[in-house]
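Hello,

Here is the structure I promised to pass on to you. Have a look at it first, and then read on for what I found.

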Amino acid sequence: MPRQALGLLQGTVDVLILKTLSRKPLHGYGISEFIGQQTGGELSIEDAALYQALHRLERKGLVDSEWGVSESNRRARIYSITSDGRKQLRSEVVELRRYMAALFRVLEPA
Amino acid sequence: MSPTFRFPFRSRSRIASEVDEELASHLAMVAARLEQEGWSPPDAASEARRRFGDLELTREYCRSEDFRREKEKSRMIVFEELRHDVTYALRALRASPGFTLIALATLAFGIGANTAVFSVVRGVLLAPLPFATPDRIVRVWESSKTLGIPQGTFSEPDFLDVRAESRLAESIGGYFFADNLTGVDLTQRGTPERLSAALVAPGFFETLRPRPLIGRTLSADEHTPGRNHVAVMGYGLWKRRFAGDPHIVGQTITLNGDPFVVVGVLPREFAYPAAQELDVWIPLSYFGPDAIGRGRASHFLSVIARLRPGVTPAQFRTEISAITKRLSSNYAENSGWDAASVATIREAIVGDVRRPLLVLVAAVALVLLITCVNIASLLLARATARQRELAVRAALGAGRGRIVRQLLTESLTVALFGGVMGAALGYVAVHALVASGGVQLPRGGNLHVDGVVLACTFLVSLVAGLLFGALPAMRAAGPALEHKLRTGARGSMGGGARARRLRGALVICQIALAVILVAGAGLAAKSFARLLSVNMGIRPEHALVVRMSIPPEWSDSVRGPAYYENVLDAIRALPGVDAAGSIRDLPTRGKGETPRASQLGLPVADADADAIIHMHHISPDFFKAIGAQLLSGRDFQLTDRRGAPIVLIVNEALAKRYWPGENAVGQVLHAGSTDLQIVGVVGDIRQAGPGEPAEPTIYIPALQNLRSGMSIVVRAKGDPMRLAGDVRNAIWSVDRNQAISEVTTMEDVLGKAVSRQKLLAWLLGIFGVLGLVLGALGIYGLLSFAVTQRKQEIGVRSALGAPASSVMRMILGQGMALACGGVIIGTIAAALLTRQLRAQLYGITPGDPGTYAEVIVVLLGTALIASWSPARKALAIDPVTAMRQE
């Protein structure tokens, strides 16, 4: 049984999805798999949250989607990042960095 | 396989099924991996679902997010297309500045005229009256068939009888008001000022029920002497002289030298019975019988009534008629006044401007219509020229609807720009109209361009845009579009015959509309010219007019006449003054007092005993000052004063009626116990204005029978207005507190009397010229276009030896054929429409053949001139070049 994965803040889900898609277009399952692999299973996004986030991001125009075919030859909805999405990603990363830095200045004072 | 990209929009059910498919696909992928890890298929499926989380919630969430996105996208696409159409339209309009300029300028004018006229119609005719339940309020008149007075005022005793006896009215009220006549002097607060005042009898405010801004109106017991020094103030006076003081109620002001307590202030929109603004309302009872006669013969009260719910004006008229009939048999003074007339208050206030205003509405509508026809015709020509461009667009996949929409967007863009400019123009026009103040419109204080007017302007612009855009758009995007592309460069010939016929019809319309406008303008202008050329019996040039009044309580004492003389003498002593005299009511400003022929002892048959004679109180030198001609006898002199034999001067009309063929001078009239000697005959003065003939009139010396109103006429050697300051100072040298209500010239007074006719003539004139120009443009445009299109044909004809004159005749003939068609239709329509002008015309009938002949000549002449230049262009075509272009 794998160790209990860490829960995620909602905003963080969006950043992780955008970051994942910035590498290449993927379907929902692929995104979830990729994030799991990258963090060695430390971080996992619940599927429900993932799909809600994808449709929300699409509505905001940060990602785009179209029907395609998965590696296993299954019909799947493939998501890709838009240019607005890239911009959003950059600024969110900057924000997150500042946030973490500030957090750790308190948690681990130099 | 279904398409990966659907356009334009996904339906709600499609969105739902796509979300389902996406989620199912995810679950299948997870299950497949679990199966690889060794789960049994059913377990794998249920585990995948367990790991997913809240599937139903997610399904709903995704669907609603997708749906929202779809909606936003569709909105954006519509907006995007519109933006594209507008950008394209703007580019197309910029590309043809000539067309755009003409379209915008004519539209701005047409819409501006409509905006201005609608503002006036709304303010004057449509806006609610500032009374409670105005539909139940009526004006009432006593009428006399024998005297020929259908709507006369009441005497005070008659008014009180009617008031006591009527059962059908909830309340009946009366007032005495005449522009420039009823007024009081405000003193002791800054410069003395003559205020306009309505003298109100009991029931006035109970009938109208205005809502005071502050304070209250007069109460029933404030008409009794001793309590009647109270005043209700108008909004304008309150703001102007009292800076809108909120504590004005209860304060005392000095009117005619007496203290009056202000009890309330009325709102700005309430000016009744004045047309635009009124300063104060005070009890009529303040003026005693020595100032205003109270006998049954003294008709001066205007009467209003508030009917009980459900009572019609006709029922009320029957009731009042019965009362006046009884009064007429009971009292000798009432003989003849045996009927009554009743009209709703709205009718009474705006009745006589409704028709001229509706004439203007019709005229501006015609102007806008002719503008639209003109633009439609221009658009048709443009569309023909743009056929290739449109055909290319069609070939590139633009549907018919899309192209129609594109062309309509263009038209609407023009219309809306024109509308904005028109609204600005209308705003300026209305302000100019209000500022000029020369147009004596009832409720004229009510004029402004407000939201409703602007909304209407917007609507009118839209309708205009659709009107002139629809036909050309439909035609341009017609089914023959692809065909045109295939026929190549000469595509413009495609559908040419039909398009030409259509444009021909439009030009005929334009000419017909122009005929109507020009005919209206011609009639109004001729009527106005005749009005101006009427001999009024006076020479208004070089005459200055100053109005003031002597306090009425002085009229019977020695002080009054002395003061009267001193004022005139002070003015006469000024350098630059030729003569100075005075009358109570200036020509066009009132008809004086109206005794009966029998009262004056005129030699009349019994049937004429009740005939009305007009009577004016004047000073010596009045005739000289105003430039009237003394035909025989002498003018009044300073010796014609109290105590001396009473003398009078009659006008020519009276002398001719009562002493035909004899000399009236020297005749003595026995008016009761008084003998009146006629000492002179004066030429007729058109007292009621240039449109009305002079009535039999007598003039009596004011020094023998003083009246408080004094309109001083000063004949100047030079420019009369340069004397204004000196005259004012001369009056103030006699009494520093004398209020002066008006200083102007006699020419201005007469000008104001015909200002409505003048405005009508000017406006219809402008509209007529515009109609003519647009009509000419229509013919010119169509013919020039035809010549360009038929270049080859003309070239071939010339090459085959057709003489230049035949080519010329062909083009001119075409233009004149259209013009004749338009003139025939237009003349018939004008003959029908201008009948509505009858009441506005003086000295000319709406069907005046001379005017129509002139209109037809002008129209055909204009058409000929407009056709000339295209015809010349046709002549200049070089057959060789033209044929080579083929």
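In which helix of chain B is the place of Leu770(B)? The residue sits in H20(B), the helix that covers residues 755-789. Before I go further, please keep in mind that this is a predicted model.

Leu770(B) is a good place to start looking. It has 22 C-beta neighbours inside 10 Å, and since 20 or more are enough for a residue to be called buried, Leu770(B) counts as buried. Leaving aside residues up to four places away in sequence, Leu770(B) touches Phe109(B) and Val367(B). The second of these partners is 403 residues away along the chain, yet the C-alpha atoms of Leu770(B) and Val367(B) are separated by 7.7 Å.

Now for chain B as a whole. Its 886 residues include 24 helices and 22 strands. Of these residues, 44% count as buried. If you take the contacts in chain B with a separation of 6 or more, 83% are between residues 24 or more positions apart.

The largest nonpolar core has 226 residues. Ala231(B), Val515(B) and Val714(B) are the ones with the most contacts inside this core. Helix H9(B), residues 345-385, gives the largest share of the core, 21 residues. If you would like to zoom in on Ala231(B), its partners are Ile253(B), Leu255(B), Phe260(B), Val262(B), Val280(B), Trp281(B) and Ile282(B), again not counting residues up to four places away in sequence. Apart from the largest core lies another one, of 22 residues, which includes Leu26(A), Leu54(A) and Val63(A) as well as Leu23(B).

That brings me to the two chains together. Here 20 residues of chain A are in contact with 23 residues of chain B. On the side of chain A that touches chain B, the elements giving two or more residues are helices H2(A) (28-38) and H3(A) (47-59) and strands E2(A) (63-69) and E3(A) (75-81). H3(A) supplies the largest share, with 9 residues. Sorted by class, this side of chain A has 9 charged, 6 nonpolar and 5 polar residues.

Two helix pairs in chain B are worth setting next to each other on your screen. The first is H9(B) with H12(B), the latter being residues 451-476. Their axes are 9 Å apart and the angle between them is about 25°. Angles under 35 degrees count as roughly parallel, so H9(B) and H12(B) are roughly parallel to each other. Their crossing is right-handed. From H9(B), the contact takes in Leu368(B), Cys372(B), Ile375(B), Ala376(B), Leu379(B), Leu380(B) and Ala383(B). From H12(B) come Ala464(B), Leu467(B), Phe468(B), Gly469(B), Leu471(B), Pro472(B), Arg475(B) and Ala476(B). By class that makes 13 nonpolar residues, 1 polar and 1 charged.

The second pair is H5(B), residues 156-165, with H8(B), residues 313-330. Their axes come within 10 Å and cross at roughly 135°, and H5(B) and H8(B) are therefore oblique to each other. H5(B) also passes H8(B) in a right-handed crossing. Asp158(B), Asp161(B), Val162(B) and Glu165(B) of H5(B) meet Ile320(B), Ile323(B) and Leu327(B) of H8(B). This contact divides into 4 nonpolar and 3 charged residues, with no polar ones.

Finally, a few backbone details in chain B that you may want to check by eye. Tyr272(B) and Pro273(B) are joined by a cis peptide bond, with omega at about 5°. Pro273(B) belongs to the loop between strands E9(B) (258-265) and E10(B) (280-283).

Ala243(B) is not a glycine, but its phi is positive, near 50°. It is found in the loop that runs between helix H7(B) (235-242) and strand E8(B) (252-255). Asn256(B), also not a glycine, has a positive phi of about 50°, and its place is in the loop between E8(B) and E9(B). Which of the two is buried and which is exposed? Ala243(B) is exposed, with 9 other C-beta atoms within 10 Å, whereas Asn256(B) has 22 C-beta neighbours inside 10 Å and counts as buried.

Happy looking, and do write back with any questions.

Best wishes

Terms used:
Residues are numbered from 1 along each chain as its sequence is written. Chains are lettered from A and ligands numbered from 1 in the order in which they are written. This is a predicted model: local features need pLDDT of at least 70, side-chain atom pairs count only at pLDDT 80 or more; totals for chains, interfaces and linings use all residues. Two residues are in contact if their C-beta atoms, placed from the backbone, lie within 7 Å. Helices (H or I, at least four residues) and strands (E, at least two) are DSSP runs, numbered from the N terminus. Ala, Val, Leu, Ile, Met, Phe, Trp, Tyr, Cys and Pro count as nonpolar, Asp, Glu, Lys and Arg as charged, and the others, Gly among them, as polar. Axes are lines fitted to C-alpha atoms, for helices over the stretch in contact, and angles run from 0 to 180 degrees between N-to-C directions. Angles under 35 degrees count as roughly parallel, over 145 as roughly antiparallel, 65 to 115 as roughly perpendicular and the rest as oblique. A crossing is left-handed if the near helix is turned anticlockwise from the far one by less than a right angle, and right-handed if clockwise. A residue is buried if 20 or more other C-beta atoms lie within 10 Å of its own, exposed if 12 or fewer, and partly exposed in between; C-beta atoms are placed from the backbone. A nonpolar core is a set of buried Ala, Val, Leu, Ile, Met, Phe, Trp, Tyr and Cys residues joined through C-beta atoms within 7 Å.
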